[in-house]
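I opened this notebook to record what I looked up in one structure. The entries follow in the order of my reading.

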Amino acid sequence: MNDFQKMVVLIDADNTQLSKLEGVLHEVSTYGRIVVRKAYGNWKKRLLGKWEDEIKRLAIKAEQQFDYVPGKNTTDIAIVIDAMDLLHTEMYDAFVLVSSDSDFTPLAVRLKESGIYVIGVGEKKTPEAFCSACDDFIYIENIDQTENEKKQSSEKNVKKQGKKNERKDEDNEQITLHVGFAYPDIAEIHNLLHIACDKFQDDDGYTALTLAGNYIKRVRPEFNTKNYGFSKLSDLIRSFPELYDVKRYNTGNSFMIVYRCR
């Protein structure tokens with residue numbers, strides 16, 4: 001399992017679908033901590049007019065690149081220049097190139113030659129040369145399909161759970177559940193728990209809850225279980241027995257909690 005501490009994400013807005021952007025960041029965050037997020041494009045173009053709100057919400061830095069010659073954009077070269085500048089700082093351990101454009105193949109090759117782990121993200125139409133130049137390549141269509149399936153499943157199960165319920169945990173302590181319509185975005189937390197389980201599970205399908213919690217904080221820095229009425233993440237997942245199997249192991253000096261999605 002990768003656990004990069006300083007990842008760079010460079011987004012070619014001309015060759016990326018805006019609707020997939022959040023899903024891309026969710027997927028990339030399973031590799032480690034993103035410290036640089038930049039999107040490149042000529043934001044004066046009508047086709048990129050809807051990007052502003054989304055890149056603000058996702059805390060992505062917008063890099064303006066004018067078209068010096070009509071019909072030819074200079075976004076690609078701007079990304080390459082920034083990538084090389086960032087590379088030479090020797091601060092980063094992984095680069096993510098979000099584009100379906102084969103012009104980024106030489107950049108991916110150069111980054112790998114410098115010992116950097118390179119992740120490509122693009123559509124299935126992306127030329128094989130670019131895919132092969134990366135250490136790992138993620139197809140956007142697969143991200144979108146997985147995200148939608150998890151979200152639909154999470155929303156359906158949250159509605160079944162109801163507005164408020166009570167149960168006892170393994171230590172016979174009563175837990176009051178404050179979920180459902182009062183906290184509609186809890187479905188998103190379930191979605192992220194499912195993604196974490198898919199990415200970090202062991203051979204038995206179980207995932208350490210600490211890994212899942214770290215992943216959720218990467219994607220949603222504002223996440224706090226107290227917002228949903230729980231003191232700990234373990235209390236939250238135990239309140240959804242129809243969604244998760246939960247185990248607790250004694251590791252000697254402490255306990256480790258693992259979970260598996262049903």
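The entries below concern one helix, its neighbour and the nonpolar cores.

Entry 1, conventions. I worked from a predicted model, in which local features need pLDDT of at least 70 and side-chain atom pairs count only at pLDDT 80 or more, while totals for chains, interfaces and linings use all residues. Residues are numbered from 1 along each chain as its sequence is written, and side-chain values use heavy atoms, with hydrogens and water left out.

Entry 2, helix 4. I took helices (H or I, at least four residues) and strands (E, at least two) as DSSP runs numbered from the N terminus. In helix 4 (residues 105–113), I found Thr 105, Leu 107, Ala 108 and Leu 111 buried, that is, under 20% relative accessible area with a 1.4 Å probe and protein chains only. These residues lie on the same side of helix 4, because they cover an arc of only 165° around the axis, taken from the directions from the helix axis to the C-beta atoms. On the face turned away from the buried side I noted Pro 106 and Glu 113, which are exposed (over 50%).

Entry 3, helix 3. I read an angle of about 5° between helix 3 and helix 4, with axes 11 Å apart; the axes are lines fitted to C-alpha atoms over the stretch in contact, with angles from 0 to 180 degrees between N-to-C directions. Helix 3 is therefore roughly parallel to helix 4 (under 35 degrees). Among the residues making this contact (heavy atoms within 4.5 Å) are Ile 79 of helix 3 and Arg 110 of helix 4.

Entry 4, cores. In the largest nonpolar core, of 26 residues, I found that Met 7, Trp 51 and Val 121 touch the most other members. Such a core is a set of buried Ala, Val, Leu, Ile, Met, Phe, Trp, Tyr and Cys residues joined through side-chain atoms within 4.5 Å. Another core, of 25 residues, lies apart from it and includes Leu 193 and Val 219.

How values were computed
Parallel < 35°, antiparallel > 145°, perpendicular 65-115°, else oblique.
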